[in-house]
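Please read the following report alongside the sequence and the coordinates, taking the side-chain contacts before the surface and the backbone.

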Amino acid sequence: MDLQQSAADLVRQLGERVEDPRGFGFMSPAIYDTAWVSMVSKTIDDKKAWLFPECFEYILSHQLEDGGWAMYASEIDAILNTSASLLSLKRHLSNPYQITSTTQEELSVRIDRAQNALQILFNEWNVDSTLHVGFEILVPALLRYLEEEGITFAFPGKERLLEIEKEKLSKFKAQYLYLPIKLTALHSLEAFIGAIEFDKVSHHKVNGSFMASPSSTAAYMMHATQWDTECEDYLRHVISHASGKGSGGVPSAFPSTIFESVWPLSTLLKVGYNLNSAPYIENIKSYLHDAYVAEKGILGFTPFVGADADDTATTILVLNLLNQPVSVAAMLKEFEEENHFKTYSQERNPSFSANCNVLLALLYSHEPSLHSTQIGKAINFLYKQFTESELDVRDKWNLSPYYSWMLMTQAITQLTTLQKTSELSTLNDDSISKDLISLLLRIASTVIEDQKPGGSWGIRASKEETAYAVLILTYAFYFDEVTELLKSDIKIAIEKGCAFLSERSTQSDSEWLWVEKVTYKSEVLSEAYILAALKRASDLFEKKTEAASVTNGVSTNGIEQANGVNGKVEVNGTNSTHETNGINGMHEIEVTNGVNGTNGHTDLPHETNGKGEDPLAIIETNGYHVNDTNHEVPLSNGISNGDSMSSHTDYSDSYYQRSDWTADEEQILLGPFDYLESLPGKNMRSQLIHAFNTWLKVPAENLDVIIKVVSMLHTASLLIDDIQDQSILRRGQPVAHSIFGTAQAMNSGNYVYFLALREVQKLQNPKAISIYVDSLIDLHRGQGMELFWRDSLMCPTEEQYLDMVANKTGGLFSLAIQLMQAESTVQVDFVPLVRLLGIIFQICDDYLNLKSTAYTDNKGLCEDLTEGKFSFPIIHSIRANPGNRHLINILKQKPREDDIKRYALSYMESTNSFEYTRGVVRKLKTEAIDTIQSLEKQGLEENIGLRKMLARMSLEL
């Protein structure tokens, strides 16, 4: 077999389809989804008919002798398939319509057999051992629908099932589906029949489907009040173009273009296939990059269905390996949790493979050292999963244990490679490698023991599972810690495994291993893993004479060359030598693992129950020293820089030793800030936070941090604003820079930005840091555009002005709410509402600046005119009569004389600009009230505080 050509052919198969606007997919047909599609009916020529009779025929033809339907790989498959099919049979019995292929009597017999089969399945079902995603809402829903048809079931696990359903839905209200937020529940709308109004979810439809789910789309068609032709076209396309190929069978998801592109490509690329010249590879790369950009760095299994960590991470990995580097920032912002990475919001149990895929994306990123904290977090989580389960890792997306083991083995190999080439030197080599390599050896030994006599692995002698196992052994082979005896056993096992993989078979090489609503198989995924295993094995045997050239456990030939490194690594232009964190090698740094509060090397035994805390703590050495005292900054994984390094250089006789920072020095820097803080303000932002906390219920200690951060940032920004605006008064008193000087006031404001960031770190939430940084970027963008318009005397449009306000005023408002959302269990996005409030606040402020006597007392008459600022009423007045240059010329002069300002006001009255402003504020406030009421109607409690705050945003003088 020409492996390279076979890989190119697989890429061609994907590339030929990737530009189809309707996408593609190779997931096998699912009885469950087919049953749901079979229940869609339509009135045609005043007569009701089943719209997709071929789906019903597919159900009939696949009923088993025992009366049930297929158990692809687990008992939940048979339960879902049989429950949905029984429901379809029952409804077709009640309403035969045009179906004539079976009689009423035959249907009744089939229903009785199906009911008996399903009762047996329920009786034998171990609910707690079930991992399939969504079963806890799908099965209870089916039980209710069957009960409505007069079919009830009692079984031992029913009470436990309903407890799990209640727990799952305790943080979720079905009405959340009405919001403009992509929730995974949209993939299973069939579970919410009777609980939602389907017309109110129509805005989530993409290309005729609801999250690319045939069953979810069918449920919408059955219960929406208006017929949806686009949905009908989608289902017809799935029936004819998906894996069922016109047989009537449909998969659980279609299309799956991103998933079934990046999984094969990442599998081939990681083992060293050269795909740069493969046909259609540029098409695929462009498609993936366009999708990455369009969805702002986070993707799902097909475009615009809602993002997940798996597909996002693997897309990033593929683009980076195809020399199309992209950032991981959006992925980290969206999916990073305190101790692991979530697959999507509202996830009940963390996914092992999702964390592996995120880890691999970080390890293959352009600069992995920038993400050492996140890499450490993922490793800690994965290692604990292995040790606490005694290798019995069970993942929610793939049923084979070898799949999870393979991903972990690939990650350990790439991590060790980066460590030994100094590309990830911030991680402690010893603390990482020792325990991880011990884990890898245990995995390899277990894999060898599991091999079947015929050379295969897996219960069904699966080629795909055998490929997973062969890949594991090819990675393990190159580590120094592998004894010669184990190496010999590995080679024998690989040879037998490859012989099995190369056997011709009349059956498909794919296997029911992958998990959707029910288990499925995919020909392209299976082929990719088999080709990867055969290539790794081929490379190993070709290079086994070179395998003695191993660098600290990783063969530069076997591993690095596969990634195009050719076994030669230079660090900073030197021959594999480098200086560590010092000048001319003078600073000697010892990095230790910091496990359980010690700085020694903890030697974990091979057989461990994982009782120790953070056995693989990953340390960033970015602490700073003040007079040899390490100021600790908490990291997201709970490990402080204080445990991360110790210096052995004695500076006691040095001419200079850095002094401690004193309280007096701190007071000097904070003088302008403290002065402005002492002047009473409107306290609007604190009121906003407390009002939104009616809904978000943020813990008190975290709320206090957020209030402090927002107050610090607001006051610091005012220091800078007053300098940039050349203001004279602030809150009725002289501005800070007129007392402390411009340079000192500016430095004080900038200093407090960083002090506020340090406060944010107390939340110990990685999302909070990203939120803070993004908000500061927005604030500076808004301020920058306002200054540009002023200094270049360019009058913006109203739309440009509103964008500026959304960044500037709205940005500070939304910072508070986004931080609260990051600390809350309530999964509703309030940012659009809070940005609207920010715009209302700023337009009111602009109006009052020109019209309010109170503003005159505090800031001077019409200060915006003195600053030359294009405020909302001024923009309207200028654009109301573009040919009249009076007002813009006054702005150019930045007048301080009251008579000139009063002339400007009278001119603005003549253009009805103040009346126009009042009308806009009324409209925006009505929109805000409607939004608040809509949220309350969807289950949130009445928010009196928010209403009061909105009422205080007034134009009353």
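## Salt bridges between helices

Lys-168 is partly exposed, because its relative accessibility of 21% falls between the limits of 20% for buried and 50% for exposed. In this predicted model, the side chain of Lys-168 meets that of Glu-136 in a salt bridge, with 3.9 Å from N to O. The two partners come from distant parts of the chain, Lys-168 from helix α7 (residues 158-169) and Glu-136 from helix α6 (residues 135-148), and they are 32 residues apart. Glu-136, with a relative accessibility of 3%, counts as buried, whereas Lys-168 counts as partly exposed.

Another salt bridge is formed by Lys-851 and Glu-909, whose closest N and O atoms are 2.6 Å apart. Lys-851 belongs to helix α30 and Glu-909 to helix α35 (residues 898-910), so this pair ties together parts of the chain that are 58 residues apart in sequence. Both ends are partly exposed, Lys-851 at 25% relative accessibility and Glu-909 at 38%. Elsewhere, Lys-42, Glu-232 and Arg-236 are joined into one network by salt bridges that share partners.

## A salt bridge within one helix

A search of the whole structure gives 30 salt bridges, and one of them joins the side chains of Arg-781 and Asp-778, at 4.0 Å from N to O. These two residues are three positions apart in helix α27, and therefore about one helical turn separates them. Arg-781 is exposed, with a relative accessible area of 53%, while Asp-778, at 16% relative accessibility, counts as buried.

## Aromatic pairs and a cluster

How many aromatic pairs are there in the model? The count comes to 29 aromatic pairs. One of them is the tilted pair of Tyr-801 and Phe-872, with 5.6 Å from centre to centre and 55° between the planes. This pair links distant parts of the chain, since Tyr-801 is in helix α28 (residues 798-807) and Phe-872 is in helix α33 (residues 872-880), 71 residues apart. Both rings belong to buried residues, Tyr-801 having 1% relative accessibility and Phe-872 a relative accessible area of 2%.

Tyr-847 and Phe-914 form an edge-to-face aromatic pair, for which the centre-to-centre distance is 5.7 Å and the angle between the planes is 90°. Tyr-847 lies in helix α30 (residues 831-851) and Phe-914 in helix α36 (residues 913-937), so the contact ties together parts that are 67 residues apart in sequence. Here too the partners are buried, with a relative accessible area of 4% for Tyr-847 and a relative accessibility of 1% for Phe-914. In addition, one aromatic cluster is formed by Phe-259, Trp-263, Tyr-403, Tyr-468, Trp-514 and Tyr-529.

## Surface patches

Met-785, Phe-788 and Met-794 make a nonpolar surface patch of about 280 Å². Phe-788 is located in helix α27 (residues 766-792), the helix in which Arg-781 and Asp-778 also lie. At 43% relative accessibility, Phe-788 counts as partly exposed, and because patches are made of residues with over 30% relative accessible area, this value is enough for Phe-788 to take part.

A patch of negative charge on the surface is gathered from Asp-2, Asp-9, Glu-523 and Glu-527. Of these residues, Asp-2 is found in the segment before α1 (3-18).

## Backbone features in loops

Which two residues are joined by a cis peptide bond? They are Phe-254 and Pro-255, and omega of this bond is about 0°. Pro-255 is situated in the loop between α9 (229-241) and α10 (259-270).

The loop between α7 and α8 (214-223) holds Asn-207, a residue that has a positive phi of about 55° although it is not a glycine. Met-211 is likewise placed in the loop between α7 and α8, and its phi is near 50°, again a positive value in a residue other than glycine. Are these two residues buried or exposed? Asn-207, at 61% relative accessibility, counts as exposed, whereas Met-211, at 9% relative accessibility, counts as buried.

Technical notes. Residues numbered from 1 in each chain as written. Predicted model: local features only at pLDDT ≥ 70, side-chain atom pairs only at ≥ 80, totals over all residues. Heavy atoms only, no water. Patch = residues over 30% accessible without salt bridge, like charges linked within 9 Å, V, L, I, M, F, W, Y side chains within 5 Å. Areas by Shrake-Rupley, 256 points an atom, 1.4 Å probe, with all protein chains shown as cover. Lys, Arg positive; Asp, Glu negative; His and termini not counted. Charge placed at Lys NZ, Arg CZ, Asp CG, Glu CD. Helix = DSSP H or I, 4+ residues; strand = E, 2+ residues; numbered from the N terminus. Phe/Tyr/Trp six-rings, centres within 6.5 Å; stacked < 30°, edge-to-face > 60°. Buried < 20%, exposed > 50% of the residue type's maximum accessible area, 1.4 Å probe, protein only.
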